[in-house]
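Hi,

I'm passing along the structure we talked about, and I thought a short tour would save you some clicking. Have a look at it first, and then read on.

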Amino acid sequence: MIKVDYLLQHEIIRYQEQLRHFRISLLKLPAKMPSEDKVRNLCKEAAWKIAATEALVVKIFKSKKLPYRELSKQFFFNIEILKQHSQYILALFLLKHGDYQCLHTHLTCLD
């Protein structure tokens, strides 16, 4: 018999719903992930900095997109990389900012 982790299942459903508000598909997200470690780490760093900056959090939840110019000016990120990987960055940001305890223990991208 298969053991079902209902807490994890509930968190995944909540995360999918939150992603939908940002027009991001969980199923298509792996294709949006950068292939290079350096770019993947830069995206992760951007997501963490956004989550730690309340003004950016408010702006993102209001507009449902990344404030490219503000991120570039404040943290010196390349705008083209931010635009190219915006869905991946937003997905990481939502994981970091949201209350997803079970997902945090299962995902290595959050370390």
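Below is what I found, going from the whole chain down to single residues.

One thing to keep in mind throughout is that this is a predicted model.

**The whole chain**

The fold is made of helices: the chain has eight of them and zero strands. If you walk along the sequence, the pattern reads α-α-α-α-α-α-α-α. The radius of gyration is 14 Å, and the globule rule gives 13 Å for 111 residues, so the chain is as compact as a globular protein of that length. If you are setting up a box, the C-alpha trace spans about 55 × 30 × 25 Å along its principal axes.

Of the 111 residues, 36% count as buried. Among contacts with a separation of 6 or more, 63% come from residues 24 or more positions apart.

**Two helix pairs that share α7**

How do α4 and α7 pack against each other? Helix α4 covers residues 54-63 and helix α7 covers residues 86-97; their axes are 12 Å apart and make an angle of about 120°. An angle of about 120° lies above the 65 to 115 range for roughly perpendicular and is not over 145, the cut-off for roughly antiparallel. The two helices are therefore oblique to each other. In this crossing, α4 passes α7 in a left-handed sense. On the α4 side the contact is formed by V57, I60 and F61, and on the α7 side by L90, F93, L94 and H97. Sorted by class, the residues of this contact are six nonpolar, one polar and no charged.

The second pair is α1 with α7. Helix α1 runs over residues 6-21. The axes of α1 and α7 come within 11 Å and cross at roughly 135°, and α1 and α7 are therefore oblique to each other as well. The α1 and α7 crossing is right-handed. Here Y15, Q18 and L19 of α1 meet A91, L92, L94 and L95 of α7. The class count for the contact of α1 with α7 is six nonpolar, one polar and no charged residues.

L94 appears in both lists: it takes part in the contact with α4 and in the contact with α1.

**Two buried residues in these contacts**

V57 sits in helix α4. Is V57 buried or exposed? Its relative accessibility is 3%, so V57 counts as buried. Leaving out residues up to four places away in sequence, V57 touches I50, A51, F93 and H97. F93 and H97 are also on the α7 side of the α4 contact. For a distance check, the C-alpha atoms of V57 and A31 are 25 Å apart, with their positions 26 residues apart along the chain.

Q18 belongs to helix α1. Its relative accessible area is 19%, which is under the 20% cut-off, so Q18 is classed as buried. Which residues does Q18 contact, apart from neighbours within four places in sequence? They are F61, L94 and Y100. F61 is one of the α4 residues in the contact with α7, and L94 is one of the α7 residues that meet α1.

**Two positive phi values**

Two loop residues may be worth a glance when you look at the backbone. K64 is not a glycine, yet its phi is positive at about 65°. K64 lies in the loop between α4 and α5, and with a relative accessible area of 34% it is partly exposed.

F76 is the other case: its phi is near 65°, again a positive value in a residue other than glycine. F76 is in the loop between α5 and α6, where α6 covers residues 79-84. At 74% relative accessibility, F76 counts as exposed.

**A residue on the outside**

Finally, K73 is placed in helix α5, which spans residues 68-75. Is K73 buried or exposed? With a relative accessibility of 67%, K73 counts as exposed. The C-alpha atoms of K73 and P30 are separated by 28 Å, and the two residues are 43 apart along the chain.

Happy to talk any of this through once you have had a look.

Best wishes

Note on methods: Residues numbered from 1 in each chain as written. Predicted model: local features only at pLDDT ≥ 70, side-chain atom pairs only at ≥ 80, totals over all residues. Heavy atoms only, no water. Helix = DSSP H or I, 4+ residues; strand = E, 2+ residues; numbered from the N terminus. Buried < 20%, exposed > 50% of the residue type's maximum accessible area, 1.4 Å probe, protein only. Contact = heavy atoms within 4.5 Å. Axes fitted to C-alpha atoms, helices over the stretch in contact; angles between N-to-C directions. Parallel < 35°, antiparallel > 145°, perpendicular 65-115°, else oblique. Left-handed = near helix turned anticlockwise from the far one by under 90°. Nonpolar A, V, L, I, M, F, W, Y, C, P; charged D, E, K, R; others polar. Rg over C-alpha atoms; globule rule 2.2 N^0.38 Å.
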